[in-house]
Amino acid sequence: MTTFFQFVVIGIATGAVYALLAQGVVMIHRASGIVNFAQGAFAVIAGFEFASLTQEHGWSVWPAFAFLVVVAALFGVVMYHVAVRPLRGASQLTQVVATLAVLLVLQALATLHWADNTVLVDQYLSASTFTIGGVTIQVSQAILVGVACGLTSVLWLATRFSLAGLAIRGVAENRRATAALGWSPDLIAMGAWAIGAALGAAAGMLIAPVAGVQISNMALLLVATLAAALIGGFTSFPLALAGAMFIGVGQAEISNYVTGIQGAANAFPFLAIVVVLMIRGQGLPIRGHVVERFADLGSGKVRPRVVLPAATVAILLILVAFGDEFNAALAASLMFAIVLLSVVVLTGYTGQLSLAQMSFGGIGALIAGRLVESAGFGFLPAAVVATVATVPVGVLFALPALRTRGMTLAIVTFGLGSAVSEVVFNNEKYVGGSSGTPVKPPKILGLEVDSVSHPARYAALSLILFVACALVVANVRRGRVGRRMIAVRSNERAAAALGVNVYGVKLYAFGLSAAIAAIGGILLGFQFETIQYGSFDPFNSVLAASYAVIGGVGWVIGALFSAPLATGGVGTWLLDQLGTDVENYLALIGGIGLLGMLLQNPNGLASDASRVLGRLERRRGRPQRDAEVGALTEAAVERVREAELGIEGLEVRYGGVVAVDGVTFTLRPGRITGLIGPNGAGKTTVIDAITGFVRPAGGRIVLAGQDVTRWPTYRRARAGVSRSFQSLELFEGATVRENLLAACEDRSAVAYGTDLIVPGRQPLTAAAAAAVREFGLEDDLDRLPSELSYGRRRLVAIARAVAARPPVLLLDEPAAGLDEQEAREISHLVRRLASSWGIAILLVEHDMQFVMSVCDDITVIEFGRQIAQGTPGEVRRDPKVIAAYLGEADDEAGSSSDAHASTGNGEPAGSAR
């Protein structure tokens, strides 16, 4: 046991350093809502500079320490003003990538100055020790723990009880409200960045005597830091401290007891991340989740008359005209471009921010290399098997994505990539050699294609595979699977409500992207006689994600725009021709270029090029309405497959709070049932329970005689329960036509295979066409929702909900935000959906005049309990309803004052969700 506790002490001391870094991440996130991926770089560079000042320039320890802390704080201020503040209104992806750009710049600068050197620093805290119960404790370890605990206490007390701390919490929740109270959100955020950077520098100098300083520590420190901050929810200083200590102890004990798995201790922070996600993760975002904004999307349109001749000419030039040096550079760019295509699929189309794409490439290269080296496979069979075998690895990486998204997913995938690098790629037992996997020169059909002896052939092979992968990615974008991906990217809740299996789409996207990345990785690995896995380290995955943003992460062609930045690529060759030896500076140039691109155009270079081409095409004249749009006017309205929906004793609880208690009503074909009640009554919770977004604590939901209470959301939607949302939740990156197709097209799993080759043009179904005609959307089909007025966006949302001809439709405040004329039009449309289409409709609405004029039945709830039910006339005369909601009753049942009790601003008294 003494040994066990000895390593506990070591782990706690290491955890104290992680805690300092994590507290900086928490502080920055609390004030600006951003996870700083450059925090580990602050520590490493401060450690190097500390060693330089104290060992080379004769500085005393504490003046050097204080000086570097101040410098780091100033750098944090500069970073905030240069890379963060200009992007505060940008998407979460853009903000994360901005901190990654700073990380790339700092890592490139450190590499240029210190290369792979390890710098050792003498222990300056105290070299003495003391013993407790047979466990030896260094005074320096006790000091580290004391500093971490003391700092955590100060930060916790300051943010909880001081005015400045309350202001920081206020900025995180609502910048405008905080500014209205006289606090400057920019000043607060700037101060938080200064503190966070200073803590990172301090941590780097404190850990220098323990582990030395080297650039490879950046990834290890970053994963452990982010894991600790994640345990604290990026908000709690005490929990972040506890998480850091837990990770430190876990690493120490694993290094002592687990000796058969190289790198297992460094992989432990990833395991901690997974455990936290399993406990806290959410399958679908909760109501109120802020819908993420993403970069522009390309259409995926392929012009065969351009692509095929261009590819043919390029191959001929490679084989006949280009020199060996250029062909080698071109091959390097094309191989990297294939990996970038995997980012387009996963991040561009599906919105899953992955920092593990190069890990997929490395796994593909490893499998192919071992098949060639140990099993006697030829290059082509080995590459095919390795590509297929990498798919389940991608699916395995996708499992955390089922319960998380955004920045947290980026942390998980970065941790995964780091774990794979530490446990697999750095393990001689797995790769087959001390320097990598030895392989024979690749041959295809007996023809040697290795890059050393035949660079032209290797470049041609790379081009062919790039074109094939690009066509696959473009086909996916245009097909049914692409629309499912875009739906998930835009809004997971809305996608599930339309019958899209969100989990299935994420698993597929990770699997497909892993296969594409594996192809690029195999080409990268087989360039030489030994597959060297340094190309697949976690920071190269960061490069891949970042460069994809430069080119345009939502565009297939974007991969070609940024691929020249690859190490040894066309950019390197071009600069060499200019007599500039800048290959070592490419990472630095890429990081600076990425940051500049984010500030100028976060949509990437491909988006700019598309806008130019679009202007040229518009000069040729406006395209005529296509035949499909013209045929919509002939679409006939058909009655839906009628089905009754019964709600029996519905009960929903949030912890100890009863949100819905014993609500019972029935939705019948061709009839409109209103659901009304005062603020907080639980109306939207009822809709969420019916559609599967919350799990009922009691009661039953019966559709057409079948109990669907435990069905997932997408299955209920496919069975015919459709809904709209008060906040619309349209798929902003897709056209109106694509929004409708996402709702009405076949959900067959066959599309996951066929769309890779032949996506085809999916026409609108008869029901969708009828909805377009019914709502007058013929001229809006090829426009984005953002190009429409708010009233027309409302129409699109309802049209999408009915495009699949659902027998049951739940409308959540369809007239919210509309003027009187628009609300009247919506009421007529809703009435026609019931009478002409035969849909059973549940209507939740503020406007009592709207409700009373259109509904056949009304159910009233108050604080989750049902207090009345009946016809509009019966409900508006009910004393309990008058007291709880309407506020007054007119002697005449049909009077407008009875139907539209008002608060004075046109909304009914007590109206709310």
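In the predicted model, Ser-236 is placed in the loop that joins helix H9 (217–231) to helix H10 (237–257). Ser-236 has a relative accessible area of 17% and is therefore buried, the limit for that class being under 20%. A polar atom of the Ser-236 side chain lies 3.1 Å from the backbone nitrogen of Leu-239. The loop between H9 and H10 also holds Phe-234. Phe-234 is a residue other than glycine with a positive phi, near 60°. Its relative accessible area is 7%, so Phe-234 is buried.

A positive phi is also found at Leu-445, again a residue other than glycine, with a value near 55°. Leu-445 is located in the loop between strand E4 (443–444) and strand E5 (447–448). At 86% relative accessibility, Leu-445 counts as exposed, because that class begins over 50%. Thus Phe-234 is buried, whereas Leu-445 is exposed.

Helix H3 comprises 24 residues, from 61 to 84. With 1.5 Å allotted to each residue, a span of 34 Å is expected for H3; the C-alpha atoms at its ends are 32 Å apart, which agrees with the expectation. The buried residues of H3 are Ala-64, Phe-65, Leu-68, Ala-72, Ala-73, Gly-76, Met-79, Tyr-80, Ala-83 and Val-84. These buried residues pack against four helices, namely H2 (39–55), H4 (92–114), H8 (185–211) and H25 (586–600).

Helix H25, one of the packing partners of H3, contains Gly-591. The relative accessible area of Gly-591 is 0%, so this residue is buried. Contacts of Gly-591, leaving aside residues up to four places away in sequence, are made with Ala-101, Leu-104 and Val-105. Gly-591 and Leu-103 are separated by 488 residues in sequence, yet their C-alpha atoms are 8.0 Å apart in space.

With regard to cysteines, the disulfide count comes to zero, on the criterion that a pair of cysteine sulfur atoms lie within 2.5 Å. Cys-469 has a relative accessible area of 6% and is therefore buried. Cys-855 likewise counts as buried, because its relative accessibility is 7%.

Terms used
Residues are numbered from 1 along each chain as its sequence is written. This is a predicted model: local features need pLDDT of at least 70, side-chain atom pairs count only at pLDDT 80 or more; totals for chains, interfaces and linings use all residues. Side-chain values use heavy atoms; hydrogens and water are left out. Helices (H or I, at least four residues) and strands (E, at least two) are DSSP runs, numbered from the N terminus. The expected span of a helix is 1.5 Å times one less than its number of residues. Buried means under 20% relative accessible area, exposed over 50%, partly exposed in between (1.4 Å probe, protein chains only). Contact means heavy atoms within 4.5 Å. A polar contact is a pair of N or O atoms within 3.5 Å; within protein, one must be able to donate a hydrogen and the other to accept it, and residues adjacent in sequence count only if both atoms are side-chain atoms.
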